[in-house]
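The following report describes a protein model in terms of its interface, its chain architecture and selected local features.

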Amino acid sequence: MSLTVLLVEDDRELRQTLREALQVEGYRVLAAASLADAQAQLAHAGEREGPDLALLDLGLPDGEGESLLAALRRRRGTAVIVVSARDTEGTKIRLLDAGADDYLVKPFSLGELLARMRAALRHRGTVLQAPLLHYEREELCVDLQARRVTLAGAEVHLTPTEYKLLARLVRSAGQVVTHRQLLADVWGPEFTAHTHYLRLYMAQLRAKLEPEPADPRRLLTEPGVGYRLVEPQG
Amino acid sequence: MNSGTLRTSFTPATNRWTAVFIWALTWGAMLLFDAHMDLANKALILVLASAIAAIWSTPWFSVLACAGGVQAFNVAFVPPRGTFSVQLNEHLLLLVTMLATSAGVSLLMTRQRQLAASRHQALQAASAAREAAQSQALRNTLLAAIAHDHRTPLATILGAASSLHDQGERLSDEQRRRLAATIIEESSQLARLTQNMLQLARLDAPGRTLHLDWESCEELVGTAMRRIRPRDTAHRVRAQVEPDLPLLRCDAVLLGQLLDNLLDNALRYATGDGPVELQAARHGEEIVIAVRDRGPGIDAALRERIFDTFQRGTPPAGPLGKDAPARRGAGVGLAVCRAIAHAHSGDLLLRPRAGGGCSFELHLPAARSPVLHDVPAEAGDQERG
């Protein structure tokens, strides 16, 4: 049973290229060239057949994509990846905080796109894949149920806040989590402007979990947006 | 107020106080030397004063001042003193002379001022036209250079893509893969070029907005490392971040672009296997993030000009020169880097290194970061399940 992707992109060449590439990867693609087109396709598809994931281009001729985002989330919790040109951090962050799962910046490679799609689909906990409770990649192992973090077999001691921060990233492994989301989930909604907390605690996490904190391979920074823990293996 | 030397005309702006001062001076002199001057001389001085005062007066003011002056003269000096005796005949000549002189001078001055103003306007219009022509010329230069910088990667892409298209079946898998890789590489280069130019335009425009936030130097360096990794196949780039650096108040996306440009340049121009260091350290009141290479370096003559838009370094001479990459792309990159540095109230400097190579240093003021006072206590945080 293949997954359905709603592709909303107004540039014809790009839409065509992406649609074919996704089909080669086994996805079923519904292509739309505008918000109105996308809404029509959603209405037509009906409740059962709604897409599993939507690729939403921000530069659409007839709107900013927020209305579509809300509609998609209301349905079956469709995963949404926002696609944008650079320097639209404001819009990107707004949509991420409004419930989009991840973002991609044009121009992007197919490899990047597929990786983000996999992560977003996994996070949505579709019937095909259970939500993440155990993270493992290379030598880092995080067990959310046992609340244990090990690196190359040896247990790593994290303070309660450090653990909370790591756990939040693990729950969205492979996907970006915005500063606001992290601050709200770990410290509380009053702290959403205290980016400096994040800087301090992420530095502490990197010091404990990265062999080279200045060249991190696991705890990645998304400049201007948030943080991302690399996809788990397998 | 004066509009120039003696060569140009003497055209002071109207100034009531200067006129008043002259009148006051005149009256003071007349009163002071009352005994030594007869009435006729006093009258002449009055006429002279009216002419000189008119230089700084509007026509109406001169007329009023003259009328007032004559009456005052009448009262003060014409016998019987202290009385206002209206003897129109005697004073008519005086009054008319004064009025005519003073109004004449004043009208001449007004015309002079108008001429000066219109000449000034003409000069400004000429200067504005010159500026417009210059910026048009600059725009054309920029457009030409942009077209040039795009043409080479585009030519490569077109060549590789048309080869794939026309010869696809006759090529080996390896050849096809290599052509595709070339297309990807050149396209990425074009993307960087485009991004740099957009950024340059944005930073130059008035009312630009920086998205400032507290950022960690370690993260800025880490992100730059991650971004350059696909282009650093020989693992030449090494990061070094001083511990306990204060947080930087900056735009992470812009600084990321700056560092990426510097690292990309270092890898392209400092050919060979020499190391490229990305270092972040504190120097007194500044944070310095530097990209250092062991390449051929840049001539002293070019060192300052290299930041101008569209300057390119000379390719290395000598045996390495043959393998040196074609000059391209650095033209806009360094100009953007410096613009970004300036937008952060910092600077980007190029220093030669003892032992050869370049050191591009970004200097940023170290702001007082809020970290130490603000983080809530950790001990036994309420468990959030």
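## Interface and local geometry

Between chain A and chain B, eleven residue pairs are in polar contact, both residues being at pLDDT 80 or more; a polar contact is a pair of N or O atoms within 3.5 Å, where within protein one must be able to donate a hydrogen and the other to accept it, and residues adjacent in sequence count only if both atoms are side-chain atoms. On the side of chain A that touches chain B, the elements giving two or more residues are α6 (160-171), α7 (179-186), α8 (195-209) and β11 (219-222) of chain A. The largest share of that side, nine residues, is provided by α8(A). Helices (H or I, at least four residues) and strands (E, at least two) are DSSP runs numbered from the N terminus.

This is a predicted model, in which local features need pLDDT of at least 70 and side-chain atom pairs count only at pLDDT 80 or more, while totals for chains, interfaces and linings use all residues. Residues are numbered from 1 along each chain as its sequence is written, chains are lettered from A and ligands numbered from 1 in the order in which they are written, and side-chain values use heavy atoms, with hydrogens and water left out.

Six salt bridges are counted between chain A and chain B, each a side-chain nitrogen of Lys or Arg within 4 Å of a carboxyl oxygen of Asp or Glu. One of them joins the side chains of A:R206 and B:E218, at 2.7 Å from N to O. Chain A contributes 35 residues to the contact and chain B 33 residues, contact meaning heavy atoms within 4.5 Å. The area buried between chain A and chain B is about 2800 Å², and carbon and sulfur atoms give 49% of this area; buried area is the accessible area (1.4 Å probe) that two parts lose on being put together, summed over both.

Chain A contains eight helices and twelve strands. Of its 234 residues, 54% count as buried, that is, under 20% relative accessible area, with exposed over 50% and partly exposed in between (1.4 Å probe, protein chains only). Among contacts in chain A between residues at least 6 apart in sequence, 62% join residues at least 24 apart.

Within helix α7 of chain A lies A:R180, which is partly exposed at a relative accessible area of 44%. Leaving aside neighbours within four places in sequence, A:R180 is in contact with A:D97 and A:T192. A:R180 and A:A193 are 13 residues apart in sequence and 7.2 Å apart in space, C-alpha to C-alpha.

Most residues other than glycine have a negative phi, and most peptide bonds are trans. A cis peptide bond with omega of about -5° joins A:K106 and A:P107, and A:P107 is found in the loop between β5 (102-105) and α5 (110-123) of chain A. Two residues of chain B that are not glycine have a positive phi, as tabulated below.

| Residue | Phi | Loop in chain B | Relative accessibility |
|---|---|---|---|
| B:H235 | about 50° | between α6 (217-228) and β2 (237-241) | 55%, exposed |
| B:D244 | about 60° | between β2 and β3 (248-250) | 78%, exposed |

The structure holds zero disulfides over all chains, a disulfide being a pair of cysteine sulfur atoms within 2.5 Å. For B:C250, which is in no disulfide, the nearest cysteine sulfur is that of B:C217, 7.6 Å away. B:C250 is buried, with a relative accessible area of 0%, and B:C337 likewise counts as buried at 0% relative accessibility.
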